[in-house]
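Thanks, everyone, for making the time this morning. I would like to walk through one structure with you, so please have the sequence and the view open as I go.

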Amino acid sequence: MSFTLAHLSDIHLGPLPRPRSTDLIGKRMLGFINWQRRRRQYSRIFLDRLMTDLAAQRPDHIAITGDLVNIALPAEFLAARAWLETIGSPETVSVVPGNHDAYVRLRRDPGHRAWDPYMQSNWESAGLIFQPEDGFPFVRRFGEIAIVGLSSAVPTMPLMASGRIGKRQLATMGLALDALREEQACRVILVHHPPLPGMSPWKSALHDARATQGRFIQHGAELVLHGHAHRDSLTPLVTPHGPLFVVGVASASSGFRHLGRVARYNLFTFLKTNTGWRIHMRSRSFGEDGQPVETDHGLLGADALA
Ligand SMILES: [Fe+2]
């Protein structure tokens, strides 16, 4: 049996709906000015091209690790929901929120609840954990493959892009990871912020990264997928349960061709062997001529830790 998971992140969906003047209060005003400066970093054309390529690859499932919107306008959440529906059903797409998706609290809810069907445990994982009222973590099982979705998205002060998972969520994640290990499932964790200490500057870091790393080591997992840094990265972590690979991906809307940071996504294929799970990784993007380009990273394995 093989299962292929596509991972993309930091969609920053455009164009931005025209904000009303009453929308631009507090953090949104600074965010709007910032977005005006940075919007050329993102290309809707590149994003659409990437999604056409992704659909042709026919992955078994798609994981999106946050920042679907820019400054948390109510209309952005609805546009993002409509965009998600063009990619796939909630059964075939999993989402966790990013800091831009919890930029401000929208009255009683953070806005990204419009994406709830994409952020819920599925029936196959029923009985594994009790999904908390605020929604995280959720667990989705697809046979022997399990996705654990975390939220690191918390509203912050202006000019901050930090995140926090929190003790309760980490403890529940630990229970889920233990139960899944018992069943020899392949455990894939989704989180927006780079989850290990030292991976981001303080203003944009996960502020409980040390506790998060401790939980990863204590309970083990096979793969952690994240975004936020808008860069490709691969960080192996040794745990008593085997190697864990922490993989970040560039923004799926990135238009920075000259910096080598053009829009891309990764594909992971999971293979069960006598000695545990092996993970084959590929990246897909496109060249100057607009034609798809694939980079085969081969098997992630113990040799990557040497
Ligand atoms: Fe982010």
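There are four aromatic pairs in this structure, which I should say at once is a predicted model. One of them is formed by F77 and W115, whose rings sit 5.6 Å apart centre to centre with 45° between the planes, a tilted arrangement. F77 belongs to helix α3, whereas W115 lies in the loop between β3 and β4, so this pair ties together parts of the chain that are 38 residues apart in sequence. Both F77 and W115 are buried. Another pair brings together F136 and F138, and because their ring centres are 6.1 Å apart and their planes meet at 50°, that pair is tilted too. F136 counts as buried at 6% relative accessibility, and F138 is buried with a relative accessible area of 0%.

Let me turn to the sheet. In what order do the six strands of the open sheet run? The order is β3-β2-β1-β12-β13-β14, and the pairing is mixed. At the edges stand β3 and β14, the latter covering residues 292-300, and each has a single partner strand, so one side of each is left without a neighbour in the sheet. From one strand to the next, the twist averages 20°. Strand β13, residues 276-286, runs antiparallel to β14 and is joined to it by eight bridges; within that pairing, I279 has L300 of β14 as its bridge partner.

Helix α2, residues 44-57, packs on this sheet and touches β1, β2, β12, β13 and β14, with its direction at about 135° to that of β13. Helix α3, which we met through F77, also packs on the sheet, where it touches β1, β2 and β3, and its direction makes about 155° with that of β2.

That leaves the metal site. Which residues coordinate the iron ion? They are D67 through OD, N99 through OD1, H192 through NE2 and H228 through ND1, at 2.2 to 2.3 Å. Along the chain, these donors follow the spacing D-x31-N-x92-H-x35-H. Taking D67 and N99 as a pair, they link distant parts of the chain, since D67 sits in the loop between β2 and α3 and N99 in the loop between β3 and β4, 32 residues apart. Because the four donor atoms subtend angles of 84 to 170° around the iron ion, the arrangement is irregular. As for exposure, D67 counts as buried at 2% relative accessibility, and N99 is buried with a relative accessible area of 7%.

Terms used:
Residues numbered from 1 in each chain as written. Predicted model: local features only at pLDDT ≥ 70, side-chain atom pairs only at ≥ 80, totals over all residues. Heavy atoms only, no water. Donors = N, O, S within 2.8 Å, 3.2 Å for Na, K, Ca; no water. Tetrahedral: all angles 85-135°; square planar, octahedral: opposite > 155°, others 65-115°. Helix = DSSP H or I, 4+ residues; strand = E, 2+ residues; numbered from the N terminus. Buried < 20%, exposed > 50% of the residue type's maximum accessible area, 1.4 Å probe, protein only. Pairing = 2+ DSSP bridges. Axes fitted to C-alpha atoms, helices over the stretch in contact; angles between N-to-C directions. Contact = heavy atoms within 4.5 Å. Phe/Tyr/Trp six-rings, centres within 6.5 Å; stacked < 30°, edge-to-face > 60°.
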